[in-house]
Amino acid sequence: MQTIYRPGQWYLIVIPGALVALPPDVPGDVVARLWERLPEDKTLATVVDVLTTHAGGSFTSLPSFVAAVAEGADVRIALRGAVSAQVETGTESLELSGAEVTTWNERFLGGATKIDITVEAPADAVGLPVQGGIVRAAAVSAELEPSDADPLTSALSPAPVVGDAAADAPASEPVAVPEPVAAPEPVVVPIPEPVAAPEPEPEPEPQSDVEPVPEEPLPVIDDAFLPPTEVTLAPPVDDDFDQLWGATVHSVGAAAPAAAPVAPVVVEGDHDGATISAADLHALRQEPPVANDAPTEVLEVAPAPTTVSVGRIRLSTGQVTALDRTVIIGRRPRSTRASGANLPHLIAVESPQQDISRSHLEVRPEGDTVVVIDLHTTNGSTLLRPGADPVRLHPGEQTLVLSGDVVDLGDGVTVAFEDLP
């Protein structure tokens, strides 16, 4: 974007693909905030968000401003107050003004090539070029380039300090700073070494009339570990354990033929009478599992339901969509009530006069019928049925439509319904 500005009093923010002009009474932190946020989200909504936040959410308290943002080969521009702009496209030249509007005058212009903005009467000063930054200007002229809509690949410089207080403050004389005084060196106090306590004298051993028996020396074994043997690895044999709880069951290597059931072996004493022998346990393991007498019920698998289209809609813009699910139409439609396979069709349409809301009309198949809902829009929707008077849709209420019906959204955009049941 080739930009030339004429000096003045208004703040002019210039970044590749965006121009924002604010009056001189706007606080400096608002200008700095826009300088920080625009590179991250270069949209007109960012400018409006920062200004409405500063105005406490009141549109009537907004300051005058001009903001132009490139969107591909097009440009979106908004004006408020006694400001004007001239936008040239490939086919025409348009004069825009922000005077006598409640909020702001917003336009979307396709194929824009040049923008001239005037915010105050420019002095007889020569135009100065600027590629990016914040300058004081009365007017600015910019020739748009295809690369203006590209996102910025590098961060801009830190936000400048903007404000009259810093500029008008008188320069003060430098104040002499005293040299730092060196701290005194620490005094090292030697720590005396601890004095070792005297070892206690051994007490005399008591005298005994019995002569001590000399201890025999332990045998010396050359190897540190004994080699493992069968005796070392075998578990200890406990005869009492077998007498109380029966014979220990050991696993066998090969499968043995099934044997006849053996009666439990009862041992006199504390035996509980429930312990079985190894042969009996092995025989139980070889028996086949008991079959379930109840027959298995075979359930038929129902086929998954399929979505059936109940017709289609045809927009005056040339878009055609089958009504196999919900459809939402608007300038920037979106839906937060559906997810997964139930995501609706979103159809975006142009609205140069801003007659169409972002999410304007919802078309919803209901069984074998189709209903339409006006999504609480500002300018409303009108149902046109052959042979009947036009009907204004009630916001938020369902209205049944038939084949041949047409819904007028405004700004020359209509929705026609075809092949409905």
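In this predicted model, the side chains of R76 and E106 form a polar contact at 3.3 Å. R76 belongs to strand β4, which covers residues 74-80. Its relative accessibility is 11%, so R76 counts as buried, the limit being under 20%. Beyond its neighbours within four places in sequence, R76 is in contact with L44, A67, A68, V69 and E71. Its further contacts are E106, R107, F108, R332 and Q354.

Two of these contacts of R76, E106 and Q354, recur at the largest pocket. The residues closest to the centre of that pocket are W104, E106, R331, Q354 and R358. The pocket has a volume of about 780 Å³. Its lining comprises 30 residues. By class, 9 of them are nonpolar, 12 polar and 9 charged. Two elements, α2 (44-54) and β7 (105-109), give two or more residues each to this lining. Helix α2 gives the most, with 5 residues.

Two residues of helix α2 were examined in turn. T46 is placed in this helix. At 1% relative accessibility, T46 is counted as buried. A polar atom of the T46 side chain lies 2.7 Å from the backbone oxygen of D41. D41 is also among the residues that T46 touches, together with L34, R37 and L38, when residues up to four places away in sequence are not counted.

L51 lies in α2 as well. Its relative accessibility is 1%, so L51 too counts as buried. With residues up to four places away in sequence left out, L51 touches L22, V30, L62, P63 and F65. F65 is 14 residues from L51 along the chain, and the C-alpha atoms of the two are separated by 9.3 Å.

Helix α1 spans residues 28-37. Its buried residues are G28, V30, V31, A32, L34 and W35. These buried residues pack against β1, β2, α2 and β10. Individual contacts with α2 can be named on both sides. L34 of α1 is touched by T46, and V30 is touched by L51.

Strand β1 (residues 2-15) has several partners. It is joined to strand β10 (residues 133-143) by 11 bridges, and the two run antiparallel. Within β10, A137 stands opposite W10. Strand β9 (residues 128-130) is joined to β1 by 3 bridges, again in the antiparallel sense. Here L128 of β9 is the bridge partner of Y5. Strand β2 (residues 18-22) pairs with β1 over 5 bridges, also antiparallel. L22 of β2 stands opposite Y11. L22 is also one of the residues touched by L51. In the hairpin of β1 and β2, 2 residues lie between the strands. G17 takes a positive phi near 90 degrees in this hairpin. Strands of a sheet pair through backbone hydrogen bonds, either parallel or antiparallel.

Another set of strands forms an open sheet of 6 members, with antiparallel pairing. The order is β12-β11-β21-β20-β17-β18. β12 (320-322) and β18 (391-392) stand at the edges. Each has a single partner strand, so one side of each is left without a neighbour in the sheet. At the β18 edge, strand β17 (residues 382-384) is joined to β18 by 2 bridges, and the two run antiparallel. L383 stands opposite V391 of β18 in this pairing.

Across the whole protein chain there are 6 helices and 21 strands. The chain has 421 residues, of which 29% are buried. R76, T46 and L51 fall within the buried class. Contacts were also sorted by separation in sequence. Among those between residues at least 6 apart, 56% join residues at least 24 apart.

Definitions and conventions: Residues are numbered from 1 along each chain as its sequence is written. This is a predicted model: local features need pLDDT of at least 70, side-chain atom pairs count only at pLDDT 80 or more; totals for chains, interfaces and linings use all residues. Side-chain values use heavy atoms; hydrogens and water are left out. On a 1 Å grid over the protein atoms alone, a cavity is a set of points where a 1.4 Å probe fits but cannot get out, and a pocket is an open set with protein on both sides within 12 Å along at least five of seven lines; lining residues have an atom within 4 Å of a point. Grid points are joined across faces, edges and corners, and a volume is the space filled by probe spheres set on the points. Helices (H or I, at least four residues) and strands (E, at least two) are DSSP runs, numbered from the N terminus. Ala, Val, Leu, Ile, Met, Phe, Trp, Tyr, Cys and Pro count as nonpolar, Asp, Glu, Lys and Arg as charged, and the others, Gly among them, as polar. Buried means under 20% relative accessible area, exposed over 50%, partly exposed in between (1.4 Å probe, protein chains only). A polar contact is a pair of N or O atoms within 3.5 Å; within protein, one must be able to donate a hydrogen and the other to accept it, and residues adjacent in sequence count only if both atoms are side-chain atoms. Contact means heavy atoms within 4.5 Å. Two strands pair if DSSP finds at least two bridges between them.
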